[in-house]
Amino acid sequence: MGHIFLTGSFEIQGILSPIQIDGITLRHWKMYPLALNSLDILPKLQLITQIPYAGASKMSIHGDSEKILQDSSCCSNESTSAEPAFYEGHFRIDNETEIKDTFISFRGWNKGVAFVNNFNIGRFWPACGPQCTLYVPAPILRPGDNIVVIFELHAPNHELTIDFTTDPDFTCGPEQ
């Protein structure tokens, strides 16, 4: 009988070689971890760029009902940038009968992670696909105010919009 060797805890992890940009070794750089388990404190740290209220910022939920991203007074309406940033949007569900499983479309966004009501719904990267949408299970939604936080690593959708849809979309990627 053969032997199985498990190397999991003995593998060297982390950065194992010099960090370089354009062939130049970086020195004296710092890494800052982001604790994404409690997004409630991010506005206090002023890391969130607020998605502004605009007619174009609609969230269509299940086709019939339109929800508008609500402006929040806690955060400033800074301009978007190509640097990593947090974006926050609010939408309202009027009553419990409107709460259903749904999907958020990230067409027009680049690459990042999304949270709904402090629940990590996943990472998105439409350019690589194949999925354009992330699943939002009904139990994480609630009547009243709901919060979407997006951590975009590059540049956000220029209109700062997301759409809710009833079906998944697997048509994103380099060939689309």
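Two strands count as paired here if DSSP finds at least two bridges between them, and strands themselves are DSSP runs of E, at least two residues long, numbered from the N terminus. We're looking at a predicted model, so local features need pLDDT of at least 70 and side-chain atom pairs pLDDT 80 or more, while totals for chains, interfaces and linings use all residues. Residues are numbered from 1 along each chain as its sequence is written, and side-chain values use heavy atoms, with hydrogens and water left out.

Start with the open sheet: 3 strands in the order 10-7-12, with antiparallel pairing. Strand 10 (133-136) and strand 12 (163-165) are its edges, each pairing on one side only. Strand 7 (residues 102-105) is joined to strand 12 by 3 bridges, and Ile104 stands opposite Phe164 of strand 12.

Phe164 also turns up in an aromatic pair (Phe, Tyr or six-membered Trp ring centres within 6.5 Å; planes under 30 degrees apart are stacked, over 60 edge-to-face, the rest tilted). A search of the whole structure gives 5 such pairs. In one of them, Tyr87 and Trp109 meet edge-to-face, 5.9 Å centre to centre with 70 degrees between the planes. Tyr87 sits in strand 6 (residues 85-93) and Trp109 in the loop between strand 7 and strand 8 (112-116), 22 residues apart. Tyr87 counts as buried (under 20% relative accessible area, 1.4 Å probe, protein chains only), because its relative accessibility is 1%; Trp109, at 4%, is buried as well. Phe91 and Phe164 make a tilted pair, with 4.9 Å between centres and 55 degrees between planes. That pair links strand 6 to strand 12 across 73 residues, and both Phe91 and Phe164 are buried.

Definitions and conventions: Helices (H or I, at least four residues) and strands (E, at least two) are DSSP runs, numbered from the N terminus. Buried means under 20% relative accessible area, exposed over 50%, partly exposed in between (1.4 Å probe, protein chains only).
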